[in-house]
Each structure stands twice: as structure tokens, then as C-alpha cells.
Amino acid sequence: MRGTMVSLSFFLIGSVLNLVSLGSPTNQSRASNGFSQQCTSVATKLHIPQANISFTEFVAANTTLQFPNADPSCTRPSQAVSANICRVGLSVKTSATSGIRMEVWLPQNWTGRFLSTGNGGLGGCIQYEDLDYAASLGFASVGTNNGHEGMTGESFLNNTGVIEDFAYRAVHTGVVIGKQVSEAFYGRPHSKSYYLGCSTGGRQGFKAVQSFPNDFDGVVAGAPAFSFNNLTSWSSGFLPLTGSPESATFVPLDMWPIVHQDVLAQCDMLDGVADGILESPDLCHYDPAGLLCTSGRNTTCLTAAQVQTVRRSYAPLLDADGSLIYPRLQPGAEGTEAPFTLFTGRAFGASDWFKYAVLNDTSWDPSTLSLADMCLSARLNLADIETWNGNLSAFKAAGGKLLHYHGLVDGVITSENSPRYYEHVSTTMQQTPAQLDDFYRFFRISGMAHCGGGPGASRIGNQARNSAGLDPEDNVLMAMVRWVEEGVAPEVVVGTRYKNGTTAGSGVDYKRRHCKWPARNVYNGIGDCKDPLNWDCI
Ligand code: CA
């Protein structure tokens with residue numbers, strides 16, 4: 001009943017917009033008028049038994065959608081819409097105890113392509129900004145709420161259905177339904193299918209490649225949260241490592257810039273130039289011993305306990321027998337996000353995975369996280385959320401292409417886990433990097449923080465706000481389209497840095513060609529280091 005009322009109200013909105021359009025009878029408005037009518041009638045064409053249509057709505061370009069009922073933790077109260085779209089909302093039951101909420105954005109200027117967006121963290125949130133980015137580029141685009149509302153893990157409590165949606169089912173269901181909606185609306189199937197996601201969205205992309213190899217022709221997956229159980233053990237493990245802000249072991253926020261300068265002093269030149277960017281932080285074996293307070297140095301220095309905290313922050317997480325649980329944080333992260341994410345002395349958001357999914361104990365204290373808890377999480381591997389299958393043969397056989405990237409100052413998911421997966425695939429499939437190049441390419445993005453931002457040439461087009469143009473050379477999504485549709489695979493990913501860091505109007509400071517793994521980027525020692533041609537992938 002409530003769904004019907006919502007539908008009616010949106011139909012009315014659509015009609016009002018029609019009337020507005022009729023006031024200016026240009027060819028463009030007549031076309032948009034027809035599109036708007038087509039949108040309001042799409043519900044009659046859709047016969048998807050497991051899906052309930054919540055609304056259909058024509059949205060004109062330059063409209064700002066408001067989401068007054070959105071979970072505040074999603075921090076997405078509104079979204080500016082860039083292109084004329086038909087917006088379709090659906091709810092889909094996925095099990096007796098779970099379901100997803102999803103939206104399909106169908107652009108008027110459709111290219112014939114389909115695209116699924118992903119999610120972030122433990123959310124719970126349709127990423128409207130990604131829907132708009134893809135729809136504005138002509139993709140029929142889908143996004144889901146990942147099976148629950150909001151950024152916390154509370155919905156996982158005693159509910160395997162919700163956990164399964166989060167681990168693998170929400171994206172796949174959204175794709176299956178979304179493709180049907182797209183075909184019904186446009187009257188023909190999509191030509192090619194794409195995926196774009198980062199963080200949890202990166203893991204979701206790899207889940208599709210591993211388990212649903214026919215869902216996508218091209219997958220762009222960044223900073224993936226794969227090895228998920230061990231990742232959450234590592235990220236949740238910083239609280240017991242640093243202690244609370246009152247602890248003797250805790251390193252205060254204002255010391256991290258000093259640690260960062262010390263990291264740069266030891267490692268910035270490893271790539272040939274002291275530019276504040278580490279092209280190969282994996283080669284940096286940072287030692288904080290020089291920051292120890294002494295009789296001659298008692299300010300801007302660290303106590304012995306704090307030196308040990310810094311050292312442990314950059315050490316891999318090991319099991320009691322010395323085996324690797326999860327690789328170390330890469331040096332450089334202290335200069336961007338890590339002091340505000342991992343080093344805060346407070347519970348990391350992903351520790352909800354232990355509280356509500358692994359331990360099912362709402363009274364659990366994240367500061368007590370133990371090796372036993374970590375091992376339990378890995379052993380349970382709920383709904384195979386680990387997402388660590390190294391056999392991508394089915395995806396390769398289906399003709400799929402995979403572009404994997406990871407920022408090298410990521411302060412949420414260490415970039416050192418990404419090469420580990422690449423090597424895992426290489427070993428499992430017994431393929432050399434030259435052979436994997438046919439369908440799987442991994443790029444390390446220097447100076448990029450978690451999924452965007454950071455001090456380097458990090459604008460690669462993975463998100464609208466992290467884009468510097470639509471040329472396939474500068475934009476990973478358009479590079480993927482070219483790879484799938486023209487067979488031209490990316491050799492490098494070019495990133496852009498603006499002069500003031502954020503605003504295109506400030507002008508381009510420099511570009512850098514980010515290398516394909518296992519190559520690393522090295523300055524050739526000749527000429528301007530801001531000229532990308534003075535760097536070599538070796
Ligand atoms: Ca450097």
C-alpha cells in the first residue's frame with residue numbers, strides 16, 4: 001500500500017515535469033517529453049516476480065534529488081543529477097530474512113552500455129554519486145543498498161541472510177534485475193556490461209570476477225577489501241596496538257606529520273626524486289628510532305613506547321606461529337588518512353564485523369580483539385566473504401577484462417595486499433604477468449589515498465570527484481570501455497594533479513604515468529620530474 005502511494009506521488013512529479021517541458025516546444029524538449037512519458041510507463045513493461053517497483057520518476061538534468069529518509073550515517077542527503085534520466089526504484093527479497101533496495105538510473109543519452117556501482121565500508125548505502133557519474137556517461141546504471149541501511153554492522157546480528165547479501169548477493173542480484181529493467185525500458189538488451197567500485201566496492205568487483213564471471217565484460221576495481229576477514233582483523237587490530245588516547249603507547253595526532261617527514265627523509269629518494277611521493281613504498285623499510293626522545297631532544301620526539309607503536313604500525317600482522325595474517329601498512333599513509341582512520345585510539349568501523357557477524361555479541365569490546373578472535377573470523381569465513389579465490393579462468397574464458405588499482409598512501413586498506421592477490425592469481429593459474437596482461441592488469445597509483453585524494457597525481461577517473469577528463473588515457477573507466485570494445489589495453493594509468501590539489505580551474509600541476517605491476521616507476525634523473533616522460537616503468 002505504502003509502495004503504491006509512493007509510486008503515485010512520483011508519477012505525479014513526472015507529470016508536472018512534463019507540463020513544464022511542454023512550455024518550450026523545442027526539439028530537445030519534445031524528445032525529453034517523450035522520454036519522460038516512456039519513464040512513467042516503464043512499470044507496465046516490467047514483470048519481474050521477485051522485485052517490487054517502489055517508484056519510477058523522470059529526473060531532468062540539473063535537478064538535485066533529496067533523500068530525507070536516508071540513513072544519516074550514509075552522509076548522502078542529496079544528489080545533483082547531471083543528465084536526463086529515468087529513475088527506477090525497486091525492492092527485492094533475497095531470502096526469508098533479507099532483501100535489497102536498489103535503483104536503476106536510465107539515461108536518455110544511452111550508449112547501450114550497462115554498469116553496476118558498488119558500496120563502501122560496511123554500508124549499507126546506495127552510492128548516488130557513482131550512479132550519477134555513470135549515467136552522465138551514458139551507462140544504464142544500477143546501485144543497491146547492499147542488503148541493509150547505513151554504515152554500521154548492526155543488521156548482521158543473527159541474520160545470515162543480511163550477511164550473504166553483503167558478501168556476494170546484493171551486487172549480483174542488482175545486476176540481474178538491473179539488466180532486465182534496462183532491456184524493458186530501452187526495448188533491447190545492453191551491448192556491454194561494466195562494473196566500477198572501490199574499497200568494499202573493489203571487493204565486490206573481485207567477487208563478481210571470481211564467482212559470477214558472466215556478470216561483466218569489464219571490471220574496474222580499486223583498493224579492494226578482499227582477504228576480508230584478515231583485513232578486518234588487521235584494521236580492527238590498531239586499537240589494541242595503539243591503545244586509547246590516554247595510553248602511554250598512544251602516538252598523538254600532532255606527532256604523525258613529524259613521523260611523515262622522517263619517512264620521507266628515509267624513503268622519498270628511492271624512486272629517484274625527493275618530491276614528497278613514494279613510488280615504491282614496498283621498498284621503504286622505515287625505522288622510527290631516530291625520533292626517540294633523548295637528553296638532547298625532548299620536544300617533537302617519541303617515547304620508547306611510542307617508537308614501538310610506530311614500528312608495530314608498519315609491521316605485518318602475524319599469527320602466533322609467525323605466518324602472515326595480513327601485510328603491513330605501507331609507509332606514507334601517516335601523511336594522509338591513517339592518523340584519522342587507523343591511529344585514532346578508537347574502534348575502527350569494520351570492527352562491527354566481529355561484534356555483529358563473527359561473535360554475535362553486542363557487548364563485545366573492540367579493544368579486546370585477540371588473535372583467537374582473528375582466527376575464528378578467518379575460519380568461519382562467513383558466506384565466503386574472504387573473496388580470495390585465485391582462479392579467474394571462467395572470467396578470462398568469458399572474455400572479461402579486469403583493471404585493478406590501489407593508491408600507495410591508502411590509510412584504510414594497505415596497498416601491499418593488492419600485489420599479494422595478483423601473485424596469488426599468477427600462482428593459482430600458473431600464468432606469468434605477460435600472460436595475465438590479456439585480461440588482468442594491476443596499477444599502483446602513487447600519492448593516492450583511499451580511493452581518491454592524496455598528495456600525488458591521483459585523479460584517474462575512478463569517481464566523478466576524482467576525475468580529470470574522459471580521455472581513456474586519463475580515465476580508468478573509459479580505458480576499460482576502450483579495452484573491452486576496441487581491444488586496446490591500458491599500458492599505464494595516467495593520473496593528474498591540480499595546482500591547488502582539488503580544483504580543475506587552478507590548472508594542471510603535473511601528470512604521472514602509473515605503472516603496471518610488477519613494474520615500478522623510477523625518475524630517469526634527467527629533466528623536469530613533473531614531465532611524465534621523464535619517468536620509466538622498470
Ligand atoms: Ca619520490
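Visitor: Before we start, what does partly exposed mean here?
Guide: Happy to explain! A residue under 20% relative accessible area is called buried, and one over 50% is called exposed. What falls in between is called partly exposed.

Visitor: Is Cys293 buried, exposed or partly exposed?
Guide: Keep in mind that this is a predicted model. Cys293 has a relative accessibility of 30%. Because buried means under 20% and exposed means over 50%, Cys293 counts as partly exposed.

Visitor: Which cysteine is the disulfide partner of Cys293?
Guide: A disulfide is a covalent bond between the sulfur atoms of two cysteines. The link made by Cys293 is right-handed, with 100° about the S-S bond. Its sulfur lies 2.0 Å from the sulfur of the partner, which is Cys301.

Visitor: How many disulfides does a search of the whole structure find?
Guide: Number the bonded cysteines of the protein chain in sequence order, and the pairing reads 1-3, 2-4, 5-10, 6-7, 8-9, 11-12. One of the links joins Cys267 to Cys284. The search of the whole structure finds six.

Visitor: How many residues apart in sequence are the parts tied together by Cys39 and Cys86?
Guide: A disulfide joins Cys39 to Cys86, with 2.1 Å from S to S. Cys39 lies in helix α2 and Cys86 in strand β4, so the pair ties together parts whose separation in sequence is 47 residues.

Visitor: Why is Cys529 not bonded to Cys515?
Guide: A disulfide needs two cysteine sulfur atoms within 2.5 Å. Cys515 holds the closest cysteine sulfur to that of Cys529, yet this is too far for a bond, because the distance is 15 Å.

Visitor: At what distances is the calcium ion coordinated?
Guide: Let's look at the donors. Among them are side-chain OD atoms of Asp271 and Asp275, together with the O atoms of Val273 and Ile277. Asp268 takes part through both O and OD. The distances are 2.3 to 2.6 Å.

Visitor: Which helix supplies the largest share of the lining of the second largest cavity?
Guide: The structure holds two cavities of 30 Å³ or more, and the second largest has a volume of about 40 Å³. Two helices, α5 (160–186) and α6 (200–211), each supply at least two residues of its lining. The largest share, five residues, comes from α5.

Visitor: How much space lies in the largest cavity?
Guide: Its lining includes Glu279, Trp517 and Asn521. By class, that lining has four nonpolar, one polar and three charged residues. The space in the largest cavity is about 50 Å³.

Technical notes: Residues numbered from 1 in each chain as written. Predicted model: local features only at pLDDT ≥ 70, side-chain atom pairs only at ≥ 80, totals over all residues. Heavy atoms only, no water. Donors = N, O, S within 2.8 Å, 3.2 Å for Na, K, Ca; no water. 1 Å grid on protein atoms, 1.4 Å probe; cavity = no way out; pocket = protein on both sides within 12 Å on 5 of 7 lines; lining within 4 Å. Points joined across faces, edges and corners; volume = space filled by probe spheres on them. Nonpolar A, V, L, I, M, F, W, Y, C, P; charged D, E, K, R; others polar. Helix = DSSP H or I, 4+ residues; strand = E, 2+ residues; numbered from the N terminus. Buried < 20%, exposed > 50% of the residue type's maximum accessible area, 1.4 Å probe, protein only.
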